[in-house]
Amino acid sequence: MVRGLDHIVHAVRDLDAGADFYRRLGFTVGARNRHPWGTHNHVIQLPGFFVELLTVAEPQKLGSDGFSTHFGRFNQSFLAQREGLSFLLLDSTDAASDAASFRTAGIAASEALRFEREGTRPDGTKVKVGFSVAFARDRHAPEIGFGVCQQHFPENFWNVAFQRHPNAATAVAGAVLVAENPSDLHIFLSAFTGERELQATSSGITASTPGGDIKIMDPAAFANHFGIAAPDISGGARLAALRFRVRDHAALLTTLAAGGIAPNNHIGAVVIPPEIAMGAALVFDAADANGGR
């Protein structure tokens, strides 16, 4: 079974400023949540996918547990160097089974780890949400965190009220990684997603998943495709861009203007470059269900 996109972590140093930025982008931003290992987040939901806007707010709480090691300290180290997209997580129906398959493929970083926290519905009602995460790794991408996420109380997490956005974003279209030689990550990407037949082109490789495409491009292809410079990959591959699908281009532009955000326009897409989007490239387009751009 091919694993689809579940969520991406956008790591920022100032969580309040990050939440304000996403609101100015025209997204509905959830309440501030706190993890026992010291990270805090806000969730921005789309159907079946979310952005986890995250910071390490209480580093003194980082311990020797798995979430501290593989998630908290990873993001702490990431933020010591930069802001931006730090983690790519796929959906899972059985995190323990996925961890076993990662071990077999030689990409496992942990066993399945479970945690629960209190969530808040749009009306303020408190509910329990729970997740199991199995982490993975690739030596060609030490600056990207990878994992799968299994929801234990999905009925308490997903809510259509959080998925309505003034900017007309309706879905995630995909994620984009940049690597000097995309083929170096071919074996990992196949094992990570469960997609055996990756699409290869002169500019990179693509794994088509039920929740959006994962593309790995070389720097020149990334710059040509999005009209912005590729991130620094001297330390290995980077998670560079997140693509959204929108239903109303005019509504998007109106919302961005109201938020004081001046985007780039490139080959029909609206691109928020990293210098504006707190280290991430955020792309809005009308990509079709087969991958579009």
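Which side chain of opposite charge is nearest to Asp138, and how far away is it? Select Asp138 and Arg139 to find out: Arg139 is the one, 6.3 Å away, and Asp138 is buried yet has no salt bridge. Buried here means under 20% relative accessible area, with exposed over 50% and partly exposed in between (1.4 Å probe, protein chains only). For charges, Lys and Arg count as positive and Asp and Glu as negative, while His and the chain ends are not counted. A salt bridge needs a side-chain nitrogen of Lys or Arg within 4 Å of a carboxyl oxygen of Asp or Glu.

Before moving on, note that you're looking at a predicted model, where local features need pLDDT of at least 70, side-chain atom pairs count only at pLDDT 80 or more, and totals for chains, interfaces and linings use all residues. Residues are numbered from 1 along each chain as its sequence is written, and side-chain values use heavy atoms, with hydrogens and water left out.

**Stop 1: around Asp138**

Asp138 sits in the loop between strand E7 (126-136) and strand E8 (145-151). Helices (H or I, at least four residues) and strands (E, at least two) are DSSP runs, numbered from the N terminus. Now show His140: its backbone nitrogen is 2.9 Å from a polar atom of the Asp138 side chain. Then add Leu185 and Phe188, which Asp138 contacts once neighbours within four places in sequence are set aside. Contact means heavy atoms within 4.5 Å.

**Stop 2: helix H5**

Phe188 takes you into H5 (residues 186-193), where Phe188, Leu189, Ser190, Phe192 and Thr193 are buried. Colour their cover next: among the elements over them are strand E5 (84-92), helix H3 (95-105), E7 and E8. Just past the helix, Gly194 has a positive phi of about 85°.

Stay on Phe192 and bring up Phe146. Their ring centres are 5.3 Å apart and their planes at 75°, so this pair is edge-to-face. Rings of Phe, Tyr and Trp (its six-membered ring) pair if their centres lie within 6.5 Å; planes under 30 degrees apart count as stacked, over 60 as edge-to-face and the rest as tilted. Phe146 is in strand E8 and Phe192 in helix H5, so the pair ties together parts 46 residues apart in sequence. Phe146 and Phe192 are both buried.

**Stop 3: more rings**

The count of aromatic pairs comes to 22. Try Phe27 and Phe244: with centres 5.1 Å apart and planes at 50°, the pair is tilted. Phe27 lies in the loop between H1 and strand E2 (33-34), and Phe244 in strand E13, so they tie together parts 217 residues apart in sequence. For a bigger selection, pick the aromatic cluster that includes Trp37, Phe50, Phe67 and Trp158.

**Stop 4: helix H7**

Which residues of H7 (residues 249-258) are buried? Select Leu252, Thr255 and Leu256. They cover an arc of only 100° around the axis (taken from the directions from the helix axis to the C-beta atoms), which puts them on the same side of H7. Spin the view: the face turned away from the buried side carries exposed Thr254, Ala257 and Ala258. Cover for the buried residues includes helix H1 (15-24) and strand E13 (238-246). At the start of H7, a side-chain oxygen of Asp248 comes within 3.1 Å of the backbone nitrogen of Ala250. After H7 comes Gly260, with a positive phi near 75°.

Conventions. Polar contact = N/O pair within 3.5 Å; in protein donor to acceptor, adjacent residues only side chain to side chain.
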